[in-house]
Amino acid sequence: MTDTLRNSDLAALAAALNDQRTRALDLVVPAREMTFDAGALRLRDAPPVLTDDGVTDPNGRYTPTGVGDEGIAEKLNIPVKYLRRLRTEAPDLYDANVNGWLSRSSDSYLVRLLRGDAETVETRGVLRAFLSDRYRTIDNFDVLLAALQGIQRTCQTMPDFSADLTDRRMYVRVTHPGVAAYAPSLLEGYRSPFDGRDVGNGWTPQRVARAAGGEGQAIAAGAEPIVFAGFVISNSETGGGAFSITPRLVVKVCNNGLTITADALREVHIGGRLDTGVIRWSADTQRKSLDLVTAQTADAVATFLDADYVKAKVAELEEKAGTPVKDAQGVITTVSKKLGFTEAQQATILDHFIRGGQVTAGGVLHAVTSAAQTLADGDAAWDMEAAALPALALAARSG
């Protein structure tokens, strides 16, 4: 019912987002007018909605996604693990719990719905988000177009793109091969865990200087060891966090990505309280929101796709990256526990650390970022990649 993509191109992402837009319905409904039946939201007396397809009857049953259940649990103060258990083991108790708390609430909630491809009154679609009536929607399709406009305004040559789309968030990774920095210390002795190619072997500071042709010169496309400049545009339509633009460094050979969350630009999805009924933002409100996205993206290009910025970040990483790691399994176990990695993720990180051949804190960092590439879930991959910097700091302290 909801589209998910992993490592997609922009064309596929745009097609998926456009399809979701044509099926989306946003309603603000008082809690006491909601009823859950067999684990699904049943709308009975909602007025017809004018959509791109004409007049649509929104009434019927909408089954919550996992994200939808999380929103219901949060807003009604029901433990989410308990609610998930009721959904699978006791749907009647699910209904009793949710309906009981809804009947006691004087609040209204924004429900974000997706109509199905073959609708009937009994299977109208999915409830993809259950949110506060103060939540200000910034839709993924509009964010994508506004961000691309900001990139086109400020980039002389278009960067490379790849994207993930989940029930929770959209991630658009922007990488510019024309903006890079040498990182011989960060990549010394490192091999790609995917194909075994050497990245840092044999690159002395003198050889780097000769290859670079002096300070401020452009990096040759085939030169190694280098990291490319980039950033990630992220947005949630379902309450999964603020719109953000986060800088990202990418190792050339194996495409390991390192996000630098401390420097992220953010725009929180909170606005004025919404009136009950169908949500229709005014053209002026939408324009102002998207103008801000365009402007922030242009700022990100100017800041994050800058050679001096990349060099400064590489220098910060190299201060810790060379710390030797004597007990690899012990260090990775400690890092994994403190950062909340699963046992399977921990095993993958250790495997990539061994394959990478770099027995340092920098090797732990690369193992985390390369392991993130193997995850099928885009949200989990983002979380793991964002944890790479804390992993580096923990590994450098543990030694």
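Modeller: Let us begin with contact, which means heavy atoms within 4.5 Å, and with the helices (H or I, at least four residues) and strands (E, at least two), which are DSSP runs numbered from the N terminus. In those terms, the buried residues of α2 pack against β3 (35-37), β7 (60-64), α3 (80-89), α4 (91-103), β8 (108-115) and β9 (125-132). This is a predicted model, in which local features need pLDDT of at least 70 and side-chain atom pairs count only at pLDDT 80 or more, while totals for chains, interfaces and linings use all residues. Residues are numbered from 1 along each chain as its sequence is written, and side-chain values use heavy atoms, with hydrogens and water left out.

Biologist: What does the chain average in pLDDT, and where does pLDDT stay under 50?

Modeller: The average is 86, and 86% of the residues score at least 70, on a scale from 0 to 100 that gives the predictor's confidence in each residue. Over residues 214-223, however, pLDDT stays under 50, and for this stretch the model has 14 contacts beyond four places in sequence. The secondary structure of the chain comes to 14 helices and 16 strands.

Biologist: Which residues of α2 are called buried?

Modeller: Buried means under 20% relative accessible area, exposed means over 50%, and partly exposed lies in between, with a 1.4 Å probe and protein chains only. In helix α2 (residues 66-76), the buried residues are Val 67, Gly 68, Asp 69, Gly 71, Ile 72, Ala 73 and Leu 76. Across the 399 residues of the chain, 53% count as buried.

Biologist: What follows α2, and why does Asn 77 count as it does in accessibility?

Modeller: The helix is followed by Asn 77, whose phi is positive, near 60°, although Asn 77 is not a glycine. Asn 77 lies in the loop between α2 and α3, and because its relative accessibility is 69%, over the limit for exposed, it is called exposed. Asn 7, in strand β1 (residues 5-8), also has a positive phi, near 55°. Its relative accessibility of 48% falls between the two limits, and therefore Asn 7 counts as partly exposed.

Biologist: Why is helix α13 described as largely enclosed by the rest of the structure?

Modeller: Of the nine residues of α13 (residues 378-386), seven are buried, which is why the helix is described as largely enclosed. The seven are Gly 378, Asp 379, Ala 381, Trp 382, Met 384, Glu 385 and Ala 386. At the start of α13, a side-chain oxygen of Asp 377 comes to within 3.0 Å of the backbone nitrogen of Asp 379.

Biologist: What makes the approach of Glu 237 to Arg 128 a polar contact?

Modeller: A polar contact is a pair of N or O atoms within 3.5 Å; within protein, one must be able to donate a hydrogen and the other to accept it, and residues adjacent in sequence count only if both atoms are side-chain atoms. The side chains of Glu 237 and Arg 128 come to 2.6 Å, and therefore satisfy the distance limit. The side chain of Glu 237 also reaches the backbone nitrogen of Asn 140 at 2.6 Å. Glu 237 is in the loop between β12 (226-235) and β13 (243-251), and its 7% relative accessibility is under the limit for buried, so it is called buried.

Biologist: Why is the pair of Phe 304 and Tyr 309 called tilted?

Modeller: The structure holds four aromatic pairs. In this pair the rings stand 5.4 Å centre to centre, with 50° between the planes. Rings of Phe, Tyr and Trp (its six-membered ring) pair if their centres lie within 6.5 Å, and planes under 30 degrees apart count as stacked, over 60 as edge-to-face and the rest as tilted, so this pair is tilted. Phe 304, at 4% relative accessible area, is buried, and Tyr 309, at 13%, also counts as buried.

Biologist: Which residues have the most contacts inside the largest nonpolar core?

Modeller: They are Phe 231 and Ile 233, in a core of 68 residues. A nonpolar core is a set of buried Ala, Val, Leu, Ile, Met, Phe, Trp, Tyr and Cys residues joined through side-chain atoms within 4.5 Å. A second, separate core of 25 residues includes Leu 27, Leu 41, Ile 72 and Val 111.
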